[in-house]
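Visitor: I am new to reading models of this kind, and I would like to ask how the words used for them are justified. Could you show me the example and take me through it slowly?

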Amino acid sequence: MLSRILRAPAALAALAFSTLASADYHVDILPPVTPVSREMYDLHWGILWVCVAIFFIVFGAMFWSIFKHRKSVGAKAAQFHENTTIEVIWTIVPFVILIGMAYPATRTVLNMKDASGADMSVKVTAYQWKWEYDYQQDGVRFLSHLATPRAQIEEYHGQGAAKNDNYLLEVDQPMVVPVGKKVRLLITSNDVIHGWYVPQLGVNQYGIPGFVKDAWFTVDKAGTYRGQCSQICGKEHGFMPIVVIAKEPAEYAAWVKEMKAKMPAEPAPTPAAEAAPQGGGEKVAAAAPGKADGKSTYDTVCMACHGTGAAGAPKLGDKAAWAPRIKQGAGVLHDHALKGKGAMPPKGGNMALSDDAVKAAVDYMVSASK
Ligand code: HEC
Ligand SMILES: [Cu+2]
């Protein structure tokens, strides 16, 4: 009977182990893909093994002493106080162990914080509840939202729809970076504190309103890496994931080109730049909307409120409503449109618009309402 009771858990454990092993299951943190996250990974396991060794040495000594000096074999307690040799040893040994752990940990933290000499910078702005990526050198700028359908999230009426593989870890527009390049992130926030956290890249950095914090990574393996906002930033905190796709530099360049074609058109910078030969003929045509650009921005973003006069917005063409506003001067109107005024959010709520596109939209609205 007893042997059967003892054997049951062993059989269960063996069964569990074999199924787990065949499913290639192991307990670990996600595989690191940057030099810094690899250092973190090694520290994680290295220090864990130090702890395990200390555990066995301390408890081993304790249990051995308890057993060896038990009352039933007639042990007598030694009656001494203070032993300088022992005290020196048990001060020095932990000190050496701590230094041995602190030295590599500090080196890694310093390395994590050293974003100097980066190949490219991306400004990351957090919002409730989305991320904005603004590539400083490549001129690409976009918002990245959760892509998991609402029907999978809401379970008010029972089960909800079947979940995607990357449920709550998928976005409509991932951040794309080139493999092997040092990418510096300039992280800030527009509202509350958020956290840009992608474990495999070894980055977990707060985005704090009014501050710009930096972080960096160099991905050495092409792939898709996922993360989440790491701060409890509000009710949709769990719904602002981060997806970073690392591509070979040539594929990255193609992505930049494709993204640029999709971005809201900027007003042509200078007539000279517009006239400069740009290679393909169709590219010149695409880059030359010039003045018409204010109207297209108006049509796609501002019209939502200014087309109907919703929420007290001055209606396009309503001369009486616009006259006192126009008197403030173009500079003030530009400023209000960029920073928001009353019920109007900054940039009409679309932070992906460039400042120039917003100003052009204001000019268009003013000239159509005079
Ligand atoms: C969500 C609705 C909404 C959207 C979208 C919107 N606006 Fe407004 N806008 C308003 C409201 C409301 C006001 C009036 C604010 C006030 O006077 O308090 C306003 C006022 C303005 C003013 C006058 C500011 C002043 O000083 O009196 C300008 C200029 C303006 N909007 C430009 C824009 C532009 C450009 C866009 C598109 C990029 C845009 N708005 C999109 C709601 C909106
Ligand atoms: Cu957040």
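Visitor: Which residue stands opposite V198 in β7?

Guide: The residue opposite V198 is V203 of β7. Please keep in mind throughout that this is a predicted model. V198 itself belongs to strand β6, which covers residues 194–198 and pairs with β7 in the antiparallel sense over five bridges.

Visitor: What makes β6 and β7 count as paired strands?

Guide: The cut-off is at least two bridges between the strands, and β6 and β7 have five bridges, so the definition is met. The two strands are part of an open sheet of five, in the order β4-β10-β9-β6-β7, with mixed pairing.

Visitor: Why are β4 and β7 said to stand at the edges of that sheet?

Guide: Strands β4 (175–178) and β7 (203–207) each have a single partner strand, so one side of each is left without a neighbour in the sheet. From one strand to the next in this sheet, the twist averages 25°.

Visitor: What makes the pairing in this sheet mixed, and which strands show it?

Guide: Compare two of its pairs: β4 and β10 run parallel and are joined by four bridges, whereas β9 (residues 223–229) and β10 pair in the antiparallel sense over five bridges. In the parallel pair, P178 has K247 in β10 as its bridge partner, and in the antiparallel pair Y225 stands opposite V244 in β10. A helix also lies over this part of the sheet, since α5 (residues 249–262) lies across β4 and β10 (242–247) and runs at about 140° to β4.

Visitor: What is the strand order of the open sheet that has β3 and β8 as its edge strands?

Guide: The order there is β3-β2-β1-β5-β8, again with mixed pairing. Its edge strands, β3 (141–144) and β8 (213–217), each pair on one side only, and the twist averages 25° from one strand to the next. Within this sheet, β1 (residues 120–127) and β2 (residues 130–135) run antiparallel and are joined by six bridges, with V122 standing opposite Y135 in β2.

Visitor: Where does W129 lie, and what kind of peptide bond joins Q128 to W129?

Guide: W129 lies in the loop between β1 and β2, and the bond that joins Q128 and W129 is a cis peptide bond, with omega about 5°.

Visitor: Why is I29 called exposed?

Guide: I29 has 12 other C-beta atoms within 10 Å, and a residue counts as exposed if that number is 12 or fewer, so I29 falls into the exposed class. Its place is in the loop between α1 (2–22) and α2 (35–68). Leaving aside neighbours within four places in sequence, I29 is in contact with Y41, H44 and P199. As for H44, I29 and H44 are 15 residues apart in sequence and 9.0 Å apart in space, C-alpha to C-alpha.

Visitor: How do you know whether K347 is buried or exposed?

Guide: The cut-off for a buried residue is 20 or more C-beta neighbours, and K347 has 21 inside 10 Å, so K347 counts as buried. K347 is found in the loop between α10 and α11, and its phi is near 55°, a positive value in a residue other than glycine.

Visitor: And why is L168 called partly exposed?

Guide: L168 has 17 other C-beta atoms within 10 Å, which lies between the limits of 12 and 20, so L168 is partly exposed. L168 is in the loop between α4 (150–153) and β4, and its phi, near 65°, is also positive.

Visitor: Why are α10 and α11 called oblique to each other?

Guide: The axes of α10 (residues 330–339) and α11 (residues 355–368) come within 9 Å and cross at roughly 125°. Roughly perpendicular ends at 115 degrees and roughly antiparallel needs over 145, so the pair is oblique. The crossing is right-handed.

Visitor: Which residues of α10 and α11 meet?

Guide: L333, H334, A337 and L338 in α10 meet D355, V358, K359, V362 and V366 in α11. By class, this contact has six nonpolar, one polar and two charged residues.

Key
Residues numbered from 1 in each chain as written. Chains lettered and ligands numbered in written order. Predicted model: local features only at pLDDT ≥ 70, side-chain atom pairs only at ≥ 80, totals over all residues. Contact = placed C-beta atoms within 7 Å. Axes fitted to C-alpha atoms, helices over the stretch in contact; angles between N-to-C directions. Parallel < 35°, antiparallel > 145°, perpendicular 65-115°, else oblique. Left-handed = near helix turned anticlockwise from the far one by under 90°. Nonpolar A, V, L, I, M, F, W, Y, C, P; charged D, E, K, R; others polar.
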